[in-house]
Amino acid sequence: MLSVRVTGRPAECSAGTTCSFTLSFGFDLESVVRWSHSLWSVVIMQLNTALIVLLLTLQITHSLSGPPVPESLSLEQDFASQTLSLTWESHAALFDIEIIRTELEENVLNVTVSAAVDPVSGQRSWTWRSPVPLQCTSHSVQIRARQENTVSQWSPQQIVQGSDVPEKQQAQMYPQDKVVPVGGNLTFCCIVSEGGQFSSIQYKYRKMEVTRMSRRSFATSVTNLPQSGPTGTNIICCSPQEIVTGAVVFVGYPPGDERLECETRDLQKAECRWRKGRDTGFWKTSLLTRYTLNGRRCVEAKRDTKLCRFDRWENSWTLTAENELGAVQLNDSAHITERVRLFAPVNVSAVPQAWNSSLQWSWTFQAVQTLDLLCQVQLTSGGRSSSRNYTGVGLSAALLDGLRPDVEYSVSVRCASLRSFWRWGDWSAPYSLHTRMDCPEAPDVWVRMDSETTGQILWKPLSISDSHGALEAYEVYQKDGEQDGWTVLSLPPSTSSFPVILSNSSSGDVMVAVAARNPVGLSRRSIVVVPEFRADSEQSVSELVGSGGDLELTWQPCPNASRGYLVEWVRTGCTGHCTVQWTKVPESNTSTVIQAGSLEVGVRYTLSVFALSDEATALLQRHHGYGHELVPVQSVKSLNVWQSGENVLLSWEPVAISNRRGFIRGYTIYLNNASHLELVANVTDPTLRSYTVKGLSLGSYKFTVKAYTSAGEGGGSTVAIKMESNSDMLVVQLLVSLVAMSCCLVVISIFCYKKREWVKKAFYPEIPGPKLTGNWTTPPAPLDIKPPTHSMVHIVESPEWDSSKKGLVPVPEEEEDDNGSVGENVEVDTDSDEPTLLRYYNQLVTDGSHSNYASDTSGSSTSSVDSAQTQVTYTGIQSPTSSHWAPSYGYRPQMQPVEGAEEPAAAFENEPQQESPSIAYRPQCSWQAESPGAENFSGSLGSPTSVTSSQFLIPETAEEDPEPSGTWFQNFLSGKF
């Protein structure tokens, strides 16, 4: 096999590459011998030979026509800036530069650049900034020239040695103490020791992703770096066993100083100040900001002190502030008279009087003597300060007036330029002066009456500034209206009240006065006319609500208020020694505001407005008010509950005034429902003390009542009740019903009594009793007895006896005429719904003993009927209108009601008997008109009849004017009138 390699740099090859052409062709001698007779083999060999010659010719021609290789290539590395500088000599304008990591032959950079010729050295240069510290690994550099479409050959490679070469066996990490701005990126590399092991790179104890750069070198990149601490941020390289090496990085800001201002203190020298601005974040001395002012280093400027001084004034100033990350420049310009800030005055002194003092001071430089000055004097006393301004050329003295006697003052002075005011100068050292004493001020006096004859004289203790010296005593004066002199009493200076007692014999207004005494003398007397006592019940009291904690009062002007007005406020309901506060208002004002500082939160005050004059003190108006309302501190008292049917009545007592902490605006009533309160009612009338909850079903309930003010609800009182059926109400309802029914019965009874005749006729018509007609005393005529016909009495003996029908049942009887035929048209009594049952006894009256016969007959009849339970049915009974009564002799059967009738013998024993001398037939009868049974027979049967006759023996006639038996009430109850 024959191979030929041709290497060249034709124009078609790109910059930085090597173009190689390899032509391979070969001869197999055995094949040639084998195929020597083949023509095609010979042709192929000739073509291969010609192609090789052509390519060699082209390669040699191209090499002889390209630009020359750059010469004198040198490398210079800067580890601090991580830059690599290349210098060379060449006549070409464009160059291809290739940088390779030597150990791994990794191409880092392949770029075409243009480099100008240095006119001094005649060399060309180019600088490359490496993203990775140059110490991390070795780099190989080569360069070639480029001219139009042709390039030269590559220059010989030059190697920049890294720290990972075998000669440096210790572990290393780069970069060290690097300074970068906040938000920047940085690449670190760790070079493990020769033969050592690598585990990780950690930034703030967080493992980073690494890239291998050589056999011993590993790199990682950190992006968006945050500001580091005062000592920087550590990054470490670790092996599996320990920390191998590490580095520190400082992350901060470039300088941010601003607002340069220069001024003079003595009209000669200059002081320049500026603001630091944003903190750079660096604490290391070598990293602190460096300042230069007008090209001179500012040694006074420190981290927190931004000051630079110069011995002479310049009208323009330039400040440069720089650190490792950048620089900033500030400018300022001004004339010296426009930037005057004087030093403090010295040697301050004073000559005090009672009400004023003269003050002097001096200066430390003479240039101020010709300067128009504005000086300010500050007076401080009792924690209060006041300032006064004075002007003058070279000013060095001032008169202080308006001072208070016997008061310690602290005085300080400062000055500034009057015409071109820039800033106040420094304050002088404080100087203390004490004014002389003088007579005290008149005390503020008031009289509060507790009753018609007793009260308290009150005055406000004088302050130190008002006492004008140490107080020795208070003198209290009292005088009746017609008394010429004053009664004087001296009290210790610690006293602020004294009781006043008025006698009943005092005529006219009583006046009191108070004066204060100190070593200098006595103050003026404060005189007050004692006001009349007026209770709240005698005065109209209105409510007053504060705004923002203040109470504002207004009133109508009073023509008698020659000495103005006085507003008094005291806690409502306070008894005994109460704290009384008051303020006096000029005559021209008719309103005042009581500040919140004088009022306690949630406390009710009684406020009174008085008109003051020399003759009298009159009460104008009175209020109750709160400066700031709160919720009630106490719930309603005595909460009770009562059941009234389906309703519940809640009642309570109001909250005590001392616990209301505001005006009660109403009450809210809640129903305790599980874990929350359900609003039942909102009683907006605060005077109500009860509420009725209506329409409750049976069960248990809990109610909560809360009082509320404008600030909200207070605590609530809870009461429980169990709704039960009200037995008392049922009894009451029953009694009411009975009473109503009784009243109705009484009214009906009275009505029926008044209308008894009408009621009697309408509901209870008179039933006439049986009455015999004719003359029964006349001797009877001879009795013509005919053979009796059968009575159609059917005797039925049946074991199935109907117990509800006892006695005899009358049935219609067929009547015979004289010819013996039975009448077909016989009227039947239909007044009764069913037949009347009677016990019937047949009796024949003979000439024998009437009583014995009757007794025997009656006994036999009764015995036979009762024993056999015979049911007798009457037939053929005619109405009385069709019968013809014969008064001579007749027949009277015995008749009894079916139930409850007495024995016949007993009935006749009570009835008077009329004896007849003649022999005749007379029936036994127990008929009683007043018995209940008789009434039944009167409507259906009528008068008793004979056995053989269908005519009534006793005709039915109305009884005229019957007399009622018993009283009307008894008749009413029995159904009769």
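Modeller: Before we read any strand, one cut-off is needed: a residue is buried under 20% relative accessible area, exposed over 50%, and partly exposed in between. Please also bear in mind that this model is predicted.

Colleague: Which residues of strand β42 lie on its covered face, and which on its uncovered one?

Modeller: In β42, which spans residues 551-554, L551 and L553 make up the covered face. The uncovered face carries E552 and T554.

Colleague: With which strand does β42 pair, and in which sense?

Modeller: The partner of β42 is β45 (residues 591-594), and the two are joined in the antiparallel sense over 4 bridges. T554, from the uncovered face, has S591 of β45 as its bridge partner.

Colleague: How should one read a sheet as a whole?

Modeller: In general, the strands of a sheet pair through backbone hydrogen bonds, in a parallel or an antiparallel manner. One case here is an open, antiparallel sheet of 3 strands, ordered β3-β4-β7. Its edges are β3 (71-78) and β7 (124-129); each has a single partner strand, so one side of each lacks a neighbour in the sheet. On average, and ignoring direction, neighbouring strands of this sheet are turned by 15° against each other.

Colleague: How many bridges join β3 to β4?

Modeller: There are 6 bridges between β3 and β4 (residues 83-89), and these strands run antiparallel. As an example of opposed residues, D78 faces T83 in β4.

Colleague: What is the order of strands in the open sheet of 4 strands?

Modeller: That sheet follows the order β23-β22-β25-β26, again with antiparallel pairing. Its edge strands, β23 (296-297) and β26 (326-333), each pair on one side only. Within the sheet, β25 (residues 316-323) is linked to β26 by 8 bridges in the antiparallel sense, and E322 has A327 of β26 as its bridge partner.

Colleague: Let us turn to the interior. Which residues touch the most other members of the largest nonpolar core?

Modeller: The core has 27 residues, and those with the most contacts to other members are W446, V447, I457, W459, V514 and V530. Several strands supply at least two residues each, including β35 (454-459), β36 (473-479) and β46 (604-612). The largest share, 4 residues, is that of β34, the strand at 445-449.

Colleague: What nonpolar patch do V731, L734, L735 and L738 form, and with how much accessible area?

Modeller: These four side chains form a nonpolar patch on the surface, with about 370 Å² of accessible area together. L738 belongs to helix α5 (residues 727-754). Its relative accessible area of 43% makes L738 partly exposed.

Colleague: How are unusual backbone angles to be recognised?

Modeller: As a rule, most residues other than glycine have a negative phi, and most peptide bonds are trans. Against that background, the bond from Y174 to P175 is cis, with omega near -5°. P175 sits in the loop between β11 (172-174) and β12 (178-181).

Colleague: Where is D177 found, and what is its phi?

Modeller: D177 lies in the loop between β11 and β12, and its phi is near 55°, a positive value in a residue that is not glycine. D177 is partly exposed, at a relative accessible area of 39%. L267 also has a positive phi, near 65°, and is placed in the loop between β20 (256-263) and β21 (270-278).

Technical notes:
Residues are numbered from 1 along each chain as its sequence is written. This is a predicted model: local features need pLDDT of at least 70, side-chain atom pairs count only at pLDDT 80 or more; totals for chains, interfaces and linings use all residues. Side-chain values use heavy atoms; hydrogens and water are left out. Two strands pair if DSSP finds at least two bridges between them. Patches are made of residues with over 30% relative accessible area and no salt bridge: like charges are joined within 9 Å, nonpolar side chains (Val, Leu, Ile, Met, Phe, Trp, Tyr) within 5 Å. Accessible areas come from the Shrake-Rupley method with a 1.4 Å probe; for residues, only the protein chains shown count as cover. Buried means under 20% relative accessible area, exposed over 50%, partly exposed in between (1.4 Å probe, protein chains only). Axes are lines fitted to C-alpha atoms, for helices over the stretch in contact, and angles run from 0 to 180 degrees between N-to-C directions. A nonpolar core is a set of buried Ala, Val, Leu, Ile, Met, Phe, Trp, Tyr and Cys residues joined through side-chain atoms within 4.5 Å.
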